[in-house]
Amino acid sequence: MTVIKNKWFVSMLFVALLVYVLQRCKVVLPMFINNYLNDILSIPLTLCIILATVRLWKGSVYRLSNLHIGSIVVYFSLYFEVYLPQHNFRYTADIFDLLCYVIGAVIFYLLQEKELI
């Protein structure tokens, strides 16, 4: 089964898009949903896309290592919490976003461990 057809991937993508659309429509959302939910979902969504791409070349049983998962968390943390806030006024550094990235990585790790993706 490809990741794109996976119910976990589709569900996370739907929720992330729904939050984005509601924000664009100026709907007032609870603080956690407005500020952190998409940060949590960004890591597993990104890793699912990476995993699907790698599986096209390496085979359907390929799994991302903890180093791969951790590398993406570090990249997101440096790019979105260090680099972008210094170069784009739209972005702000938030220590809680780092925690969200880690939570997202744990979610992906657990889904991968249970072979749900």
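What pattern does the protein follow when read along the sequence? In this predicted model, the answer is α-α-α-α. Put as a tally, that is 4 helices and 0 strands. The radius of gyration is 15 Å, close to the 13 Å that the globule rule gives for 117 residues, so the protein is as compact as a globular protein of that length. If you want a feel for its dimensions, the C-alpha trace spans about 40 × 30 × 20 Å along the principal axes.

Now for how the chain packs. Take the contacts with a separation of 6 or more: 63% of them are between residues 24 or more positions apart. Buried residues make up 33% of the 117 residues. As for the outside, the protein exposes about 7,900 Å², and carbon and sulfur atoms supply 70% of that area. There are also 9 positive and 6 negative charges to place, and their mean positions sit 11 Å apart.

Let's go inside. Nonpolar side chains tend to be buried together in soluble globular proteins. Here the largest nonpolar core has 22 residues, and the members that touch the most others are Ile43, Leu47 and Phe108. Which elements give two or more residues to this core? They are α1 (7-24), α2 (31-58), α3 (66-87) and α4. The biggest giver is α2, with 7 residues.

Ile43 is a good place to zoom in. Setting aside neighbours within four places in sequence, Ile43 is in contact with Ile72, Val73 and Phe76, and also with Tyr101, Gly104 and Ala105.

Next, click on Gln112, which is found in helix α4 (residues 95-113). Is this residue buried or exposed? The relative accessible area of Gln112 is 2%, and the cut-off for buried is under 20%, so Gln112 counts as buried. Who does Gln112 touch, once residues up to four places away in sequence are left out? The list runs Leu51, Arg63, Leu64, Ile69 and Ile117.

For a contrast, head to the loop between α1 and α2, where you'll find Lys26. Lys26 has a relative accessibility of 71%, and anything over 50% is called exposed, so Lys26 falls in that class. The backbone deserves a look here too: Lys26 has a positive phi of about 65°, although it is not a glycine.

To retrace the tour: four helices in a row, a nonpolar core of 22 residues, a buried Gln112 in α4 and an exposed Lys26 in the loop between α1 and α2.

How values were computed
Residues are numbered from 1 along each chain as its sequence is written. This is a predicted model: local features need pLDDT of at least 70, side-chain atom pairs count only at pLDDT 80 or more; totals for chains, interfaces and linings use all residues. Side-chain values use heavy atoms; hydrogens and water are left out. The radius of gyration is taken over C-alpha atoms; the globule rule is 2.2 Å times the number of residues to the power 0.38. Buried means under 20% relative accessible area, exposed over 50%, partly exposed in between (1.4 Å probe, protein chains only). Contact means heavy atoms within 4.5 Å. Accessible areas come from the Shrake-Rupley method with a 1.4 Å probe; for residues, only the protein chains shown count as cover. Lys and Arg count as positive and Asp and Glu as negative; His and the chain ends are not counted. The place of a charge is taken as NZ of Lys, CZ of Arg, CG of Asp or CD of Glu. A nonpolar core is a set of buried Ala, Val, Leu, Ile, Met, Phe, Trp, Tyr and Cys residues joined through side-chain atoms within 4.5 Å.
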